[in-house]
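This report describes the surroundings of a ligand, a pocket and the aromatic rings of one structure. Please look at the sequence and the model before reading on.

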Amino acid sequence: MAKIVNSWNEWSRLRRVIVGRADGTMIQAPEPAVVRDFPEDGFPAGTYGPMPQDMVDAANEQMENFAAILESHGVVVDRPEVRDWSEEIATPDWKQASQFGVMPPRDVLLTVGPEILEATMSQRARWFEYLAYRPLLQAYFREDPDFRWESAPKPRLTDASYHAGPEFWHEFESLDEEEAIARFTMNRRWNLTEEEPLFDAADVGRFGKDLFVYHSSVTNAAGISWLTRHFPDHRVHVARFRESHPIHLDATFVPLRPGLALSNRKRVPLEEDMVKLFEINDWEIVPCAEPALDEPPPLCYCSVWLSMNTLLLDEKTIFVEEQEKAQQQQLYDLGFEVIPVPFWAVGPFGGGLHCATADVYREGDMEDYFPKQIPGY
Ligand code: DAV
């Protein structure tokens, strides 16, 4: 019997990882949680359908290449199942005309030590995404006697889980960045209600004994409360940043090695205690470099800050997107060996190098990198 699952942080030596797939990804049908609107690229609000095949092929090619690079560095790479994401789905509470895809395993799977936790997710289109990982999780369960396989309570996602239907997003789009920050971010309220716990795994930053969870547009306070109760041996802290439409911590605030974190230069932290916690424990927080792009590519719902969405092979070695030269230079200057990886074609499928992966095994145990704590935070 082998030990397969173990990962406590983002930087210890990586030995096994899941890399997603672009196959079958959809511009998803509208639902209360999300409305895609790409009028210039053939998908105005209300329409949906498969991503163009040439884009799927280009993304898959870059993902295969990344998988090969990881393998050449001694990392075992597992892949999820190919599934048909165009199918309509339903629960007894609702029907949804299409699903999404399985490019970003980081959104769904949260690895904490010997545990992999399937996140609730907050979009109906992503309700069944965990199925693509089940063959892998079943195999880990059979082979690793210490693997803790967990799944958060499957959310109902009835209309009670949302403040408004798709009209929320029409209102949101009509506001400029500052108005949206004033209306939503400063009130810690986007479209999710507190009806039930909701979170994406990519809103959780793993720093050993300390977990930082982004209160975002896809993770609500009940979700953070659920995670706090679920990980009683950890210290779970709320993270918030000044941005209008927050999704996922991994293009906002990421650790690079013990004592060093990279922060999005535009998204200022809103939790003063979080900044203080890093300071009193002698962590340095550096603002990330400027991204290479001014605008996201066509059909991309992620921001240009995928530039800082990197993957650490170990404390000294980091995978960075090939064309993000400024980000590469900054990390080089901070003492890293930088391995460039072409990955821009993957962005429209839901993220960068960190999003496209989920840790299975990193060396090392749970350690305390924040021995000084702030009461109440
Ligand atoms: O800044 O657009 C992208 C991360 C998606 N997993 C952003 C966040």
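## The ligand and its surroundings

By class, five nonpolar, three polar and three charged residues form the shell around the ligand. Here Ala, Val, Leu, Ile, Met, Phe, Trp, Tyr, Cys and Pro count as nonpolar, Asp, Glu, Lys and Arg as charged, and the others, Gly among them, as polar. The model is predicted: local features need pLDDT of at least 70, side-chain atom pairs count only at pLDDT 80 or more, and totals for chains, interfaces and linings use all residues. Residues are numbered from 1 along each chain as its sequence is written, and side-chain values use heavy atoms, with hydrogens and water left out.

The residues around the ligand (those with a heavy atom within 4 Å of it) include Asp107, Ile247, Asp250, Cys302, Leu306 and Cys355. Three polar contacts of the ligand (pairs of N or O atoms within 3.5 Å) are listed below.

| Residue | Part of the residue | Ligand atom | Distance |
|---|---|---|---|
| His248 | side chain | nitrogen | 2.6 Å |
| Arg267 | side chain | oxygen | 3.0 Å |
| Ser303 | backbone | oxygen | 2.7 Å |

Taken alone, the ligand exposes 280 Å², of which the protein buries 95%; these areas come from the Shrake-Rupley method with a 1.4 Å probe.

## Aromatic rings

A search of the whole structure gives 29 aromatic pairs, meaning rings of Phe, Tyr and Trp (its six-membered ring) whose centres lie within 6.5 Å. A pair of aromatic rings is described by the distance of the centres and the angle of the planes. One cluster linked by ring pairs includes Trp11, Phe207, Tyr214, Trp283 and Phe370.

Charged groups also sit over rings, as defined by NZ of Lys or CZ of Arg within 6 Å of the ring centre and within 35 degrees of the ring normal. Arg36 is placed over the face of Tyr301, 4.0 Å from the ring centre. Lys154 is likewise over the face of Tyr130, at 4.3 Å from the ring centre.

Key. A polar contact is a pair of N or O atoms within 3.5 Å; within protein, one must be able to donate a hydrogen and the other to accept it, and residues adjacent in sequence count only if both atoms are side-chain atoms. Rings of Phe, Tyr and Trp (its six-membered ring) pair if their centres lie within 6.5 Å; planes under 30 degrees apart count as stacked, over 60 as edge-to-face and the rest as tilted.
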